[in-house]
Amino acid sequence: MKVARFRVDGEIAFGVLDEAEQGSGIELVELTGDPIVAGYDTTGRRFKLEETQLLAPVIPRSKVVCVGKNYLDHVTEMQDVTGIAGGVPEEPLLFLKPNTSIVGPGDAIVRPAISDRVEHEGELAIVIGAVAKDVSEEDALRYVFGYTCANDVTARDLQVKDGQWTRGKGFDTFCPLGPVIDTDPDLSDARVVTRVNGEVRQDGRTSQLIHSLAYIVSYASQAFTLLPGDVILTGTPAGVGLLEAGDTVEVEVEGIGILRNRVV
Ligand code: MG
């Protein structure tokens with residue numbers, strides 16, 4: 001099931017995608033509330049997808065947890081390009097992005113004037129569905145509501161200059177999410193691809209993740225209480241690169257959808 005958050009006629013609502021395409025194209029079936037907390041009761045209203053504006057499918061109450069260096073080929077390129085080194089982390093390397101960094105599909109990524117090097121990092125994101133604290137790897141995926149696409153936009157020069165990552169990864173608009181949350185995708189070997197102006201820049205597969213999705217949720221829950229709606233970015237494949245004003249960047253996770261943003 002694919003869950004969207006959308007605006008129509010000036011109102012914001014949640015809905016489920018009806019991909020059946022019965023002549024009139026894909027439709028959104030409106031829900032009575034946020035399905036993470038309110039379930040799947042419907043209002044009886046339906047909207048044509050193209051008549052709605054999709055929004056970030058979730059705005060975490062508390063945090064976006066990110067995993068750094070979780071694809072081997074990206075670990076190598078970071079060492080080569082930035083000196084951010086240390087090899088393959090034995091444990092997931094966690095950092096946070098503020099929820100004020102989130103924007104939705106179609107929104108602008110705004111390059112801050114104080115950075116000369118804003119880069120894309122296309123990633124698979126986990127959306128938490130239930131309070132999770134100290135959960136085991138075996139149980140971890142039961143606390144997941146679904147999955148979406150994310151762009152861990154990074155001011156690489158500030159990340160290197162600061163010696164830690166909060167500012168370089170935390171600017172407003174630096175966490176595009178969407179277009180939908182898929183509650184049951186096949187992620188055994190899904191392609192995670194990032195394109196800039198149609199050109200493929202990053203091309204990885206979820207089977208290449210160093211730390212598994214279940215392990216990441218369990219590991220993060222040892223540090224933080226994960227709340228419903230919290231988001232975990234699972235790391236980026238090799239090929240990170242510059243975003244310049246006027247660019248269009250797309251993050252596609254196979255089976256989930258395409259997250260498209262413009263850069264200003
Ligand atoms: Mg990242």
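**Around the magnesium site and outwards**

Let's start with two acidic residues: Glu123 and Asp152 are both buried, where buried means under 20% relative accessible area, exposed over 50%, and partly exposed in between, using a 1.4 Å probe and protein chains only. Keep in mind that this is a predicted model, so local features need pLDDT of at least 70 and side-chain atom pairs count only at pLDDT 80 or more, while totals for chains, interfaces and linings use all residues. Residues are numbered from 1 along each chain as its sequence is written, and side-chain values use heavy atoms, with hydrogens and water left out.

What do these two residues do in the model? Together with Glu121, they supply the protein donors of the magnesium ion: Glu121 (OE), Glu123 (OE) and Asp152 (OD) lie 2.0 to 2.1 Å from it. Donors here are N, O and S atoms within 2.8 Å of the metal (3.2 Å for Na, K and Ca), and since water is not among the atoms, sites may look incomplete. Along the sequence, the donor residues follow the spacing E-x1-E-x28-D. Glu123 sits in strand β11 (residues 122–128) and Asp152 in the loop between β12 (144–151) and β13 (154–155), so this pair, 29 residues apart, links distant parts of the chain. Helices (H or I, at least four residues) and strands (E, at least two) are DSSP runs, numbered from the N terminus.

Stay with Asp152 for a moment. Its relative accessibility is 0%, hence the buried label. Asp152 touches Phe95, Lys97, Glu119, Glu121, Glu123, Lys169, Phe174 and Leu233, leaving aside residues up to four places away in sequence; contact means heavy atoms within 4.5 Å. The C-alpha atoms of Asp152 and Ala125 are separated by 9.9 Å, with their positions 27 residues apart along the chain.

Another residue that touches donor Glu121 is His74, whose other contacts are Lys69, Thr236, Pro237, Ala238 and Val240, again not counting residues up to four places away in sequence. His74 belongs to helix α2 (residues 72–82) and is buried at a relative accessible area of 3%.

Now for the nonpolar packing. A nonpolar core is a set of buried Ala, Val, Leu, Ile, Met, Phe, Trp, Tyr and Cys residues joined through side-chain atoms within 4.5 Å. The largest one has 36 residues, and Val217 and Ile232 touch the most other members. At least two residues each come from β1 (2–8), β2 (11–18), β6 (64–68), β11, β12, α5 (213–223) and β19. The top contributor is α5, with five residues. Why does this core lie between the domains? Domain 1 (2–54) and domain 2 (64–263) both give residues to it, so it lies between them. The bounds come from an automatic or database domain assignment. Taken over C-alpha atoms, the centres of the two domains are 26 Å apart, and their contact takes eight residues from domain 1 and 14 residues from domain 2.

Helix α5 is worth a closer look. Its buried residues are Leu213, Ala214, Ile216, Val217, Ser218, Ala220 and Ser221, and they pack against β6, β7 (93–97), β11, β12 and β17 (231–233). Val217 touches Ile126, Ile128, Val135, Ala140, Val144, Leu226 and Ile232, not counting residues up to four places away in sequence. There is also a second, separate core of 18 residues, which includes Cys66, Ala125, Trp165 and Ile181.

Next, an open sheet of five strands, running β9-β20-β19-β15-β16 with mixed pairing; two strands pair if DSSP finds at least two bridges between them. At the edges are β9 (108–109) and β16 (199–205), each with a single partner strand, so one side of each has no neighbour in the sheet. Strands β19 (residues 248–253) and β20 (residues 257–263) pair in the antiparallel sense over six bridges, with Val249 opposite Asn261 in β20. Strand β15 (residues 191–196) pairs with β16 in the antiparallel sense, also over six bridges, and Val192 has Gly204 in β16 as its bridge partner. Two residues separate the strands of the β15 and β16 hairpin, where Asn197 takes a positive phi near 50 degrees.

Finally, the cysteines. How many disulfides does a search of the whole structure find? Zero, taking a disulfide as a pair of cysteine sulfur atoms within 2.5 Å. For Cys149, the closest cysteine sulfur is in Cys175, 12 Å away and too far for a bond. Cys175 is in no disulfide either, with the nearest cysteine sulfur, that of Cys66, 6.3 Å away. Cys149 is buried at 0% relative accessible area, and Cys175 is buried at 0% relative accessibility.
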